[in-house]
Amino acid sequence: MENQKESPVTGREGSPIALETAANWTKHYRDNHPGETISQFFGKEILEKILAQRDCLGIRFYYAYDKPKGGKPHLIIAGVMRDGTDQIHEEAPEAAAAPGAKSLVAGTTQPRYLIGEQSSPCPGSPGCPSNVLSGKR
């Protein structure tokens, strides 16, 4: 019998959270980062496109700034596969290290994956909510 390694990603990660707990946690963030972006909104279309990619079991969110110092905060999203790797297109390491090197698997090309940004930050974008999670009622 072949010994199969358990996948680190199942597609069932995450769980519901009580509104009171979520409100407290988001308040802690706002209290520690006054005047900063408190949320990012991604539309259904980009989320569905990423989730529809072959072998995608979920989405990983990366915190990012658009400039080295004093940049605006962003979230970058990428699909994630069963082995926990991000669905991003990268040059094969051997090709980057040695010009003219061939892929380890002849005749194959790495798939092109979507990654997302262009979310709408709050405050600052139309449709920002006024509720217990945003601290505005």
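This passage describes the fold, the nonpolar core, the largest pocket and selected local features of a predicted model.

The protein contains three helices and five strands. From the N terminus, the order of elements is α-β-α-β-β-α-β-β. The chain has 137 residues, of which 19% are buried. Long-range contacts were examined next. Of the contacts between residues at least 6 apart in sequence, 58% link residues at least 24 apart.

The largest nonpolar core consists of five residues. Its members are Phe-42, Ile-50, Cys-56, Leu-75 and Ile-77. In soluble globular proteins, nonpolar side chains tend to be buried together. Within this core, Ile-50 is in contact with Cys-56 and Ile-77. Beyond the core, the contacts of Ile-50 include Ile-59, Ala-78, Gly-79 and Gln-87. Leu-114, Ile-115 and Gly-116 also touch Ile-50. These contacts leave aside neighbours of Ile-50 within four places in sequence.

The structure holds one aromatic pair. Phe-42 and Phe-61 form this pair, with an edge-to-face arrangement. The ring centres are 6.3 Å apart, and the planes meet at 65°. Phe-42 sits in the loop between β1 and α2 (44–51), whereas Phe-61 belongs to strand β2, so the pair ties together parts that are 19 residues apart in sequence. The two rings differ in burial class. Phe-42 has a relative accessibility of 10% and therefore counts as buried. Phe-61, at 44% relative accessibility, counts as partly exposed. Phe-42 is also a member of the largest nonpolar core.

The largest pocket has a volume of about 810 Å³. Its lining comprises 23 residues. Ile-38, Ser-39, Gln-40, Tyr-63 and Leu-75 lie nearest the centre of the pocket. Leu-75 also belongs to the largest nonpolar core. Four elements each supply at least two lining residues: α1 (19–32), β1 (39–41), β2 (58–65) and β3 (73–80). Helix α1 provides the largest share, five residues. By residue class, the lining divides into 13 nonpolar, eight polar and two charged residues.

Helix α1 also holds Arg-30. The relative accessible area of Arg-30 is 17%, so this residue is buried; the cut-off for burial is 20%. Arg-30 touches Ile-38, one of the residues nearest the pocket centre. The other contacts of Arg-30 are with Val-132, Leu-133, Ser-134 and Gly-135, not counting residues up to four places away in sequence. Arg-30 and Gly-135 are 105 residues apart along the chain. Their C-alpha atoms are nevertheless separated by 8.1 Å.

Two backbone features were also noted. The peptide bond joining Cys-122 and Pro-123 is cis, with omega about -5°. Pro-123 lies in the segment after β5 (120–122). The second feature concerns Asp-55, which has a positive phi of about 70° although this residue is not a glycine. Asp-55 is placed in the loop between α2 and β2.

Definitions and conventions. Residues are numbered from 1 along each chain as its sequence is written. This is a predicted model: local features need pLDDT of at least 70, side-chain atom pairs count only at pLDDT 80 or more; totals for chains, interfaces and linings use all residues. Side-chain values use heavy atoms; hydrogens and water are left out. On a 1 Å grid over the protein atoms alone, a cavity is a set of points where a 1.4 Å probe fits but cannot get out, and a pocket is an open set with protein on both sides within 12 Å along at least five of seven lines; lining residues have an atom within 4 Å of a point. Grid points are joined across faces, edges and corners, and a volume is the space filled by probe spheres set on the points. Ala, Val, Leu, Ile, Met, Phe, Trp, Tyr, Cys and Pro count as nonpolar, Asp, Glu, Lys and Arg as charged, and the others, Gly among them, as polar. Rings of Phe, Tyr and Trp (its six-membered ring) pair if their centres lie within 6.5 Å; planes under 30 degrees apart count as stacked, over 60 as edge-to-face and the rest as tilted. Buried means under 20% relative accessible area, exposed over 50%, partly exposed in between (1.4 Å probe, protein chains only). A nonpolar core is a set of buried Ala, Val, Leu, Ile, Met, Phe, Trp, Tyr and Cys residues joined through side-chain atoms within 4.5 Å. Contact means heavy atoms within 4.5 Å.
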